[in-house]
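Thanks for sending this one over. Here are my comments as numbered points, to be read with the coordinates open beside them.

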Amino acid sequence: MRRIDCFIPYVSDAQVAVTMRNLTSEAEVARVIPIDAASFKSTTAMRQISSSAEAPFIMLYTKTTDLSFGKYSLERFLSVAEDTSAAMVYSDHIKDIAGERAFAPVIDCQAGALRDDFDFGSVLIFRTDAFKEAVGRMRDDYSYAGLYDLRLKVSQKGSLVHINEYLYYEIETDTRKSGEKLFDYVDPKNRAVQIEMEKVCTSHLKDVGGYLEPEFEPVDLDAPGFEYEASVVIPCKNRVKTIGDALSSALGQKTSFKYNVFVVDDNSTDGTVDVIKSFLDDPKLIYIAQDKSYHAIGGNWNAAIHHPACGKFAIQLDSDDIYYDENTVQKFVDAFYSQKCAMVVGTYRMTDFDLNTLPPGIIDHREWTPENGRNNALRINGLGAPRGFYVPMLRKINFPTTKYGEDYAVGLRVSRDYQIGRIYDVVYNCRRWEDNSDAALDVTKVNANNLYKDRLRTWELQARILKNQKKQKKV
């Protein structure tokens, strides 16, 4: 018995010809069924696939380029699926990039892997009964988020198993560097897609008990003992080209209150310290030179916020970037008091090193809403910039000692209990250049970063489920 029906996106006969030929030559393939590529990820397509499937397994191929399997690889897929009783299996693979082949490992899926752009690769193999059961629970129609909805519903009843083997070949057409892909989800042209994805994720959180109502702990902003109202915090390491610009921007702020600037240097060796010392005549500047132990960005932040001279509010400035103008610190403090929140996130403009605007331009994170932002935070990969924190609250949470995702970890934790405020005016210039730490990462590093953020989401989801269970017991 041929055990799998394959569904592939259709643009034209010529486009599907090679993939059709490769699939029909596989001994396990019962049928290959084209689905209109324009609607391939819609709810309508998921229902069409569910009603058409007859074999024990369903394969979805999500790209429109040529696909081929290694020898006996499809059999391997099905063997693992049967041995594990997985609802879905996916695997590492090999990409053809402009005629050159490259390994494309993916990562394990976990409960917190809620990003709608989680990289499973382009071949997804489902147990047909699991697929049909999930489709049977679909209540909303989506143009873009049908496959995402399916994946989350499947995961509620069964496991998604990663096969750490290179089982197929695909053609990669998106050859952008990692730093160029980071902001796809906040590009205004993708807003309609994001609205659907948020709705799907929110529904999933309700199903698994992790959804939080828009009910927040109050924040008393009158904590005593702070000489300074605000502190700008600049963690840095080996930023000789940019730290001077950042310091000038921070020290040149105009405020109606007393503020200072912390620069925390983590053992720079490129002349950064000499630039910092040239600014020490300004009494607002506090220079912290870290010892030789491991600190990373999170540890540098902790050094600043626990310093006795830290202000009541700590406001981020990365050593690559500058504030939009001299009013940013004032706007942050005003936002804290007017919105009565424990954290504030601003709006930034993407620029090159010379401050020319880069696509997608202004990033205002409109996906963060007072009503649902704390839930949608579990789907997106960041909360925006710059970030400001109420220091008495932050000293209880602290930053994790890591150089990636430390801000996201804190944002998730804050949003569990407190409202996060917003500033929709542009207050920050985010400069993208070749030396950004995330400008051109290889697949191993990208995977490590994504795995860490998925783990943060998993821990946070577990904490929120427990929070809801405790709340229900009190009722």
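1. Let me start with Asp417, which is buried in this predicted model. Its relative accessible area is 15%, and the cut-off for buried is under 20%. Asp417 forms a salt bridge with Arg413, and the closest N and O atoms of the two are 2.8 Å apart. Both residues belong to helix α14 (residues 406–417), where they are four residues apart and so separated by about one helical turn. Arg413, on the other hand, is partly exposed, at a relative accessible area of 27%.

2. How many salt bridges are there by this rule? The count is 30. One of them joins Glu165 to Arg76, with 2.7 Å between the closest N and O atoms. Glu165 sits in strand β8 (residues 160–171) and Arg76 in helix α3 (residues 73–84), so this pair ties together parts that lie 89 residues apart in sequence. Glu165 is partly exposed, with a relative accessible area of 27%. Arg76 is partly exposed too, its relative accessible area being 36%.

3. A further salt bridge worth a look is the one between Asp129 and Arg127, where the closest N and O atoms are 2.8 Å apart. Asp129 is partly exposed, with 48% relative accessible area. Arg127 also counts as partly exposed, at 25% relative accessibility.

4. Please also check the salt-bridge network that links Lys63, Lys95, Glu170 and Glu172. Glu170 turns up again in the strand pairing, since it stands in β8 opposite Leu67.

5. Which strands does β8 pair with, and in which direction do they run? Strand β4 (residues 67–69) is joined to β8 by three bridges, and these two strands run antiparallel. Strand β5 (residues 88–97) is joined to β8 by eight bridges, and here the strands run parallel. Within the β5 pairing, Tyr90 has His162 in β8 as its bridge partner. If you inspect side chains here, keep in mind that in a regular strand they alternate between the two faces of the sheet.

6. On the aromatic side, the count by this rule comes to 15 aromatic pairs. Among the rings, Phe313, Phe336, Tyr337 and Tyr390 are linked into a cluster by ring pairs. For such pairs, the centre distance and the angle of the planes are the two descriptors.

7. Two placements of a charge over a ring deserve a mention. The charged end of Lys206 sits over the ring of Tyr211, 4.8 Å from the ring centre. Likewise, the charged end of Arg431 sits over the ring of Phe353, with 4.5 Å to its centre.

8. Finally, is Thr272 buried or exposed? Thr272 is buried, with a relative accessible area of 0%, and lies in helix α9 (residues 272–277). The side chain of Thr272 makes a polar contact of 2.6 Å with the side chain of Asp270. A polar atom of the Thr272 side chain also lies 3.0 Å from the backbone nitrogen of Val240. Val240 appears again among the contacts of Thr272 once neighbours within four places in sequence are set aside; the others are Cys236, Asn238, Arg239, Ile243 and Asp265.

Conventions
Residues are numbered from 1 along each chain as its sequence is written. This is a predicted model: local features need pLDDT of at least 70, side-chain atom pairs count only at pLDDT 80 or more; totals for chains, interfaces and linings use all residues. Side-chain values use heavy atoms; hydrogens and water are left out. A salt bridge is a side-chain nitrogen of Lys or Arg within 4 Å of a carboxyl oxygen of Asp or Glu. Buried means under 20% relative accessible area, exposed over 50%, partly exposed in between (1.4 Å probe, protein chains only). Rings of Phe, Tyr and Trp (its six-membered ring) pair if their centres lie within 6.5 Å; planes under 30 degrees apart count as stacked, over 60 as edge-to-face and the rest as tilted. A charge sits over a ring if NZ of Lys or CZ of Arg is within 6 Å of the ring centre and within 35 degrees of the ring normal. Two strands pair if DSSP finds at least two bridges between them. A polar contact is a pair of N or O atoms within 3.5 Å; within protein, one must be able to donate a hydrogen and the other to accept it, and residues adjacent in sequence count only if both atoms are side-chain atoms. Contact means heavy atoms within 4.5 Å.
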